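Biologist: I should like to learn how to read a protein model feature by feature. Could we go through one together, beginning with the general idea each time?

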Amino acid sequence: MDQHSLTLSPSAAARIATIADKQGKPAILRLSVEGGGCSGFQYKFGLADAPETEDSVAETDGVKLVVDPVSLDLVQGCIVDFVESLGGAAFRVENPNAAAGCGCGSSFSV
């Protein structure tokens, strides 16, 4: 896979490393897409123990972002970032494939 298909920002990598360290897990974030949410699809995040055989993998500062082949069709070219603001802190997906999104940023449509 082209490593530029998925991007994990340095701030997201640092946050994942912190969370993984606290939970005693490897610093591997799994991004997947599920049906649902207010715009049709929603992002799902979770720590993974290891990449699966067919996963696409991007790495930043030793932290891996893994995406399964089905979800990859919907998030190809995305940037996963971690942002902190007055409203709170969250992972944010900048998805060039999304035609529309909801106000909370956790769901999208294509």
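**Reading the sheet, the pairs and the confidence**

Modeller: Let us begin with the sheet: three strands form an open sheet in the order β1-β6-β7, and the pairing is mixed. The edge strands are β1 (7-8) and β7, each of which pairs on one side only. Please keep in mind that this is a predicted model.

Biologist: Which way do β1 and β6 run, parallel or antiparallel?

Modeller: Strands β1 and β6 run parallel and are joined by 2 bridges. One residue to look for is Thr7, whose bridge partner in β6 is Ile79. The helix α1 packs on this sheet and touches β1, β6 and β7. Its direction makes about 80 degrees with that of β6.

Biologist: How many bridges join β6 to β7, and in which direction do these strands run?

Modeller: There are 7 bridges between β6 (residues 79-85) and β7 (residues 88-94), and the two strands run antiparallel. A hairpin of 2 residues connects β6 to β7. Within this pairing, Val80 has Val93 in β7 as its bridge partner.

Biologist: What should I know about the side chains along a strand?

Modeller: In a regular strand, side chains alternate between the two faces of the sheet. For a residue to examine here, take Phe91, which is placed in strand β7. Its C-alpha atom is separated by 6.8 Å from that of Val80, although the two residues are 11 apart along the chain.

Biologist: Which residues are in contact with Phe91, leaving aside its neighbours within four places in sequence?

Modeller: With those neighbours left aside, Phe91 is in contact with Ala12, Arg15, Ile16, Ile19, Phe45, Val80, Asp81 and Phe82.

Biologist: Two of those names are also phenylalanines. How does one describe a pair of aromatic rings?

Modeller: The distance of the centres and the angle of the planes describe such a pair. A search of the whole structure finds 2 aromatic pairs. In one of them, Phe45 and Phe91 are tilted, with 5.6 Å from centre to centre and 35 degrees between the planes. Phe45 lies in strand β3 and Phe91 in strand β7, so this pair ties together parts that are 46 residues apart in sequence. Phe45 is partly exposed, at a relative accessible area of 30%, and Phe91 is likewise partly exposed, at 23%. Ring pairs link Phe45, Phe82 and Phe91 into a cluster.

Biologist: Let us turn to charged side chains. How many salt bridges does the structure hold?

Modeller: The structure holds 3 salt bridges. To recognise one, look for a side-chain nitrogen of Lys or Arg within 4 Å of a carboxyl oxygen of Asp or Glu. Asp49 and Lys25 meet in this way, at 4.0 Å from N to O. Asp49 lies in the loop between β3 (41-47) and β4 (56-60), and Lys25 in the loop between α1 (10-23) and β2 (28-35), so the pair ties together parts that are 24 residues apart in sequence. Asp49 counts as exposed, at 58% relative accessibility, whereas Lys25 is partly exposed, at 36%.

Biologist: Are Asp55 and Arg30, by contrast, buried or exposed?

Modeller: Both Asp55 and Arg30 are buried. Their side chains meet in a salt bridge of 2.6 Å, N to O. Asp55 lies in the loop between β3 and β4 and Arg30 in strand β2, so this pair ties together parts that are 25 residues apart in sequence.

Biologist: Which residue forms a salt bridge with Glu34?

Modeller: Glu34 forms a salt bridge with Lys44, and their closest N and O atoms are 3.6 Å apart. This pair links distant parts of the chain, with Glu34 in strand β2 and Lys44 in strand β3, 10 residues apart. Glu34 counts as partly exposed, at 32% relative accessibility, and Lys44 is also partly exposed, at 42%.

Biologist: What should I know about backbone angles?

Modeller: Most residues other than glycine have a negative phi. Asp61 has a positive value, with phi near 50 degrees. Asp61 is found in the loop between β4 and β5 (63-67), and it is exposed, with a relative accessible area of 65%.

Biologist: Finally, where in the chain is confidence lowest, and where is it highest?

Modeller: Confidence is lowest in strand β9 (residues 107-109), at a mean of 49, and highest in α1, at 97. For the chain, the mean pLDDT is 85, and 82% of the residues reach 70 or more.

Terms used: Residues numbered from 1 in each chain as written. Heavy atoms only, no water. Pairing = 2+ DSSP bridges. Helix = DSSP H or I, 4+ residues; strand = E, 2+ residues; numbered from the N terminus. Buried < 20%, exposed > 50% of the residue type's maximum accessible area, 1.4 Å probe, protein only. Contact = heavy atoms within 4.5 Å. Axes fitted to C-alpha atoms, helices over the stretch in contact; angles between N-to-C directions. pLDDT = per-residue confidence, 0-100. Phe/Tyr/Trp six-rings, centres within 6.5 Å; stacked < 30°, edge-to-face > 60°.
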